[in-house]
Amino acid sequence: MTNLSQLGPPITGKLHSEEVEHESDHFYLCPTGDQVVDARDLRRVIWHDQPGHEPLEFDS
C-alpha cells in the first residue's frame, strides 16, 4: 500500500475559475477505489487517475 507521504510534498495547482461556493466542491469520489480525493492536491488527482490503482493510505 502506498502512503501519501511517499508521493512527495503537496503539488498545488493554480485556480483557473472563480472560488468555489462550498469547501466540499474541492473533493470528488474516486470511481475506482471509492476514496474521497482533494482536487487541490495534484499528487492525489494523478494517483487516482491511474487505471487499477491501489488505495492511497494517509499518514497519521
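Asp38 and Arg40 are joined by a salt bridge whose closest N and O atoms are 2.9 Å apart, a salt bridge being a side-chain nitrogen of Lys or Arg within 4 Å of a carboxyl oxygen of Asp or Glu. The model is a predicted one, in which local features need pLDDT of at least 70 and side-chain atom pairs count only at pLDDT 80 or more, while totals for chains, interfaces and linings use all residues. Residues are numbered from 1 along each chain as its sequence is written, and side-chain values use heavy atoms, with hydrogens and water left out.

It helps to begin with the whole chain. The protein chain has one helix and four strands, where helices (H or I, at least four residues) and strands (E, at least two) are DSSP runs numbered from the N terminus. Along the sequence, these elements follow the pattern β-β-β-α-β. The C-alpha atoms fill a box of roughly 35 × 25 × 20 Å along the principal axes. The accessible surface of the chain is about 4600 Å², and carbon and sulfur atoms hold 53% of this area; accessible areas come from the Shrake-Rupley method with a 1.4 Å probe, and for residues only the protein chains shown count as cover. Of the 60 residues, 23% are buried, with buried meaning under 20% relative accessible area, exposed over 50%, and partly exposed in between (1.4 Å probe, protein chains only). Among contacts with a separation of 6 or more, 44% are between residues 24 or more positions apart, contact meaning heavy atoms within 4.5 Å.

We can now return to the charged pairs, of which the structure holds four as salt bridges. Arg40 also pairs with Glu23, and here the closest N and O atoms are 2.6 Å apart. Glu23 sits in the loop between strand S1 (2-3) and strand S2 (27-29), and Arg40 in the loop between strand S3 (36-38) and H1, so this salt bridge ties together parts that are 17 residues apart in sequence. Glu23 counts as partly exposed because its relative accessible area is 48%. Arg40 is likewise partly exposed, at 33% relative accessibility, whereas Asp38, at 12%, counts as buried.

A further salt bridge links Arg43 to Asp41, with 2.5 Å between the closest N and O atoms. Arg43 is buried at 9% relative accessibility, and Asp41 is buried at 7%. Elsewhere, Glu23, Asp38 and Arg40 are joined into one network by salt bridges that share partners.

Asp41 has other partners too. This residue lies in the loop between S3 and H1, and the Asp41 side chain reaches the backbone nitrogen of Ile11 at 3.4 Å. Leaving aside residues up to four places away in sequence, Asp41 touches Pro10 and Ile11.

Ile11 also belongs to a nonpolar surface patch with Leu42 and Ile46, and the three together have about 250 Å² of accessible area. Patches are made of residues with over 30% relative accessible area and no salt bridge, like charges being joined within 9 Å and nonpolar side chains (Val, Leu, Ile, Met, Phe, Trp, Tyr) within 5 Å. Leu42 is found in helix H1 (residues 42-49) and is partly exposed, at 33% relative accessibility.

Finally, Glu21 lies in the loop between S1 and S2. Glu21 counts as exposed, at 70% relative accessibility. The Glu21 side chain meets that of His22 in a polar contact of 3.5 Å; a polar contact is a pair of N or O atoms within 3.5 Å, where within protein one must be able to donate a hydrogen and the other to accept it, and residues adjacent in sequence count only if both atoms are side-chain atoms.
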